[in-house]
Amino acid sequence: MQRYIARRLLQAVVILFVLSIAVFLLLRIAPGADPALLRCGISCTEEQREAIRADLGLKDAYHVQYGNWIREVFTGSLGKDINEGDVADQLMVRFPTTVELLIITVMVTVAIGIPFGIVSAVYRNSAADYSARFIAILGLAVPSFWIATLVLLVPQQYWDYAPPLTKTISFFDSPWDNMRQFVPPAIVLGLASAAGVMRLTRSSMLEVMRQDYVRTARSKGLREQVVIGRHALKNSLIPVVTVLGLQVIGLFGGAVIVETVFNLQGIGQYFLVSLFTKDFQVAQTLTLYIGAIVILMNLFVDIVYAWLDPRIRYT
Amino acid sequence: MAQARTATIAAELDEVLPRMGRWRRAGLIMRDNPLGVFGLFVIVLLSVFAIFAPVIAPHDPEAFVGDGRLGPSVDHFFGTDKLGHDMFSRVVYSARISLMVGFMSVIFGTAVGTAIGITSGYLGGFVDSLIQRTVDTVIAFPALLLLLILRQVLGASVQTLIFAIGVAIIFPVARIIRGAVLSERNNQYVEAARALGASTPRILIVHIAPNVTALAIIVATTLLGTAILAEAALAFLGLGIPESQDFSMLFFLSWTGFDPHSIGFLTGPAVTWGRDVNTARNSFPVHVWWAFFPGAAITLTVLGFNLLGDALRDILDPRLRGRL
């Protein structure tokens with residue numbers, strides 16, 4: 001196992017290296033990729049724009065720019081973004097915001113997806129099963145940006161209510177306002193993944209309930225709750241845990257959307273703004289960090305999988 | 001293999017229900033898959049809306065035809081937006097971009113992905129490892145973030161949007177097709193072809209490709225919903241097709257020298273569902289109906305493709321149930 005982890009970590013370094021070069025070049029070869037023009041349009045002379053380019057370090061050769069950037073990534077002094085904010089400071093504020101959003105989202109996903117999946121499997125082909133499955137199919141088709149928009153607009157139009165759309169309010173300053181800010185976007189984001197988790201829990205549960213040991217448990221005369229709760233459920237949740245881990249990765253994409261709609265100052269919104277404003281420094285740094293998180297997450301999922309299911313051995 | 005199985009199912013049907021015509025058999029399959037039929041119905045309806053938009057839409061989607069911010073009524077089924085555009089007409093016209101971008105990107109992505117998957121699976125060895133590690137890396141990265149970067153790098157037009165979504169589709173398709181080829185390549189018919197002296201490209205194209213086509217069709221249908229959602233999300237974020245130019249449903253013919261806009265019936269304003277939801281969101285005072293209908297149209301479209309994909313999977317390859 002240790003050797004396996006070591007090899008995966010070594011692979012991760014290679015992948016991140018390739019990723020960093022890819023995103024570095026992609027941003028620079030883009031047509032019209034001139035940050036100076038965006039920062040200072042027709043009001044500036046060409047000389048002033050040249051000065052901006054020099055200031056951003058864009059006049060250096062590519063390998064010099066790349067070297068500088070990688071050094072900054074490792075030392076943690078990441079320079080300034082387009083609003084003259086310190087990128088490292090911004091990340092210190094924005095990462096916790098996104099992490100809180102994702103934690104609540106996962107809680108929503110688990111709280112909705114797993115119970116409905118169990119009920120659906122246990123009462124197979126009942127009215128409850130059909131409605132749960134129908135809602136899940138719908139949940140996979142609904143665009144999250146639309147639900148987010150409606151969650152924001154409907155209370156505003158009919159009850160004159162809006163969540164705080166200002167700066168992020170810390171949970172420790174005002175737990176209630178913090179929840180008002182984070183719970184609606186988390187529910188919106190969690191619905192689609194809950195639909196996926198529900199379908200998987202259901203099929204995995206049905207699979208397990210056909211196993212011999214479940215029949216043995218029943219024939220021993222155990223109560224149905226014990227059979228389901230102790231024998232079937234535990235084993236059927238193994239694949240669910242794996243998929244949950246992978247869904248967290250996909251949620252980074254969804255975070256871009258809900259953070260934009262609910263004006264949460266997280267990294268998703270930061271990433272989108274950096275693309276719009278051709279803020280290379282922020283865009284490439286975030287890509288690299290998210291890439292690193294994704295790779296570690298994948299490794300973590302694989303390790304948890306082996307721990308939950310001892311039949312799995314990595315070599 | 002998949003084709004062989006389809007044939008087996010058909011053969012079984014023949015056995016159980018002798019002298020049954022092709023249409024009766026189709027009817028039987030449809031009766032067993034009511035949800036798939038519903039999906040197909042939605043898609044056909046949308047295609048009709050898209051092609052015959054000038055006939056179906058009661059108003060020009062860009063004309064000011066009433067007061068702003070009206071709710072749904074007999075005059076305006078879906079109400080009006082802030083400037084008094086008829087929302088029903090806009091929703092009808094928007095089907096064009098959604099369907100065109102969806103179909104084109106999926107056809108492009110599935111074709112390239114299938115080619116890569118077949119090559120990777122059949123050749124094995126170093127080429128396979130290289131391709132599969134690349135696929136691993138890209139699949140692991142959040143798809144929407146990848147799309148945002150690609151879209152930003154490639155610039156704003158229908159073609160670049162299709163290319164960006166298509167590229168994102170290549171990787172999952174290559175993964176699935178490779179798996180199917182791995183189980184296919186050791187079959188005797190491949191061995192026989194090789195023994196007869198067939199070249200590798202010939203084996204790939206003539207012998208293996210037809211046997212993974214059913215799987216590719218299933219995957220493509222399922223991905224259509226995803227592609228349409230992706231287009232809508234990009235449009236919502238302000239990174240879709242620019243509003244300024246008119247959109248022709250024949251835009252893909254422009255490279256032949258033919259002017260797609262010369263056929264006025266198939267040309268119209270580049271309105272999209274995703275962008276309309278975004279405009280509605282950003283306007284004040286708020287007006288719920290304005291945002292509601294374009295989003296509902298997206299949901300219905302994606303639902304249609306998902307249901308059809310599920311049904312096709314069950315009909316063509318029942319063993320994939322729960323795996324795709």
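**Exercise 1. Contacts along chain A**

Among contacts in chain A between residues at least 6 apart in sequence, what percentage join residues at least 24 apart?

*Solution.* Start with the ground rules. This is a predicted model, in which local features need pLDDT of at least 70 and side-chain atom pairs count only at pLDDT 80 or more, while totals for chains, interfaces and linings use all residues. Residues are numbered from 1 along each chain as its sequence is written, and chains are lettered from A and ligands numbered from 1 in the order in which they are written.

Next, the term: two residues are in contact if their C-beta atoms, placed from the backbone, lie within 7 Å. For chain A, the share is 70%. For chain B, 73% of the contacts between residues at least 6 apart join residues at least 24 apart.

**Exercise 2. Take stock of both chains**

Describe the elements, extent and burial of each chain.

*Solution.* Step one is the elements. Helices (H or I, at least four residues) and strands (E, at least two) are DSSP runs, numbered from the N terminus. Chain A has twelve helices and zero strands. Chain B has twelve helices and two strands, and its order from the N terminus is α-α-α-α-α-α-α-α-α-α-β-β-α-α.

Step two is extent. Along the principal axes, the C-alpha trace of chain A spans about 85 × 60 × 40 Å, and the C-alpha atoms of chain B fill a box of roughly 75 × 50 × 40 Å.

Step three is burial. A residue is buried if 20 or more other C-beta atoms lie within 10 Å of its own, exposed if 12 or fewer, and partly exposed in between, with C-beta atoms placed from the backbone. In chain A, 35% of the 315 residues are buried; in chain B, 45% of the 324 residues are.

**Exercise 3. Check two helix lengths**

Compare the end-to-end distances of α1(A) and α12(B) with the expected spans.

*Solution.* The expected span of a helix is 1.5 Å times one less than its number of residues. Helix α1 of chain A (residues 2–29) has 28 residues and so should span 40 Å; its end C-alpha atoms are 41 Å apart, which agrees. Helix α12(B), with 29 residues, reaches 42 Å from its first C-alpha to its last, close to the expected 42 Å.

Now look at what surrounds them. In α1(A), Ile15(A), Leu19(A), Val23(A), Phe24(A) and Leu27(A) are buried. The buried residues of α1(A) pack against α4 (62–75) and α12 (280–308) of chain A, together with α6 (125–140) and α7 (143–154) of chain B. As for α12(B), 21 of its 29 residues are buried.

**Exercise 4. Look where the chains meet**

Which element gives the largest share of the side of chain B that touches chain A?

*Solution.* First, the count: 31 residues of chain B are in contact with 38 residues of chain A. The elements giving two or more residues to the chain B side are α6, α7, α10 (200–236), α11 (273–282) and α12 (288–316) of chain B. The largest share, nine residues, comes from α12(B).

**Exercise 5. Describe a helix pair**

How do α10(A) and α12(A) lie relative to each other: roughly parallel or roughly antiparallel?

*Solution.* Axes are lines fitted to C-alpha atoms, for helices over the stretch in contact, and angles run from 0 to 180 degrees between N-to-C directions. The axes of α10(A) and α12(A) come within 9 Å and cross at roughly 175 degrees. Angles under 35 degrees count as roughly parallel, over 145 as roughly antiparallel, 65 to 115 as roughly perpendicular and the rest as oblique. The two helices α10(A) and α12(A) are therefore roughly antiparallel.

**Exercise 6. Compare two loop residues**

Place Asn263(A) and Lys278(A), and give the burial class of each.

*Solution.* Begin with the backbone. Asn263(A) has a positive phi of about 50 degrees although it is not a glycine, and Lys278(A), not a glycine either, also has a positive phi of about 50 degrees.

Then find the loops: Asn263(A) is between α10 (224–261) and α11 (267–276) of chain A, and Lys278(A) is between α11 and α12 of chain A.

Finally, count neighbours. Asn263(A) has 18 other C-beta atoms within 10 Å, so Asn263(A) is partly exposed. Lys278(A) has 20 C-beta neighbours inside 10 Å and therefore counts as buried.
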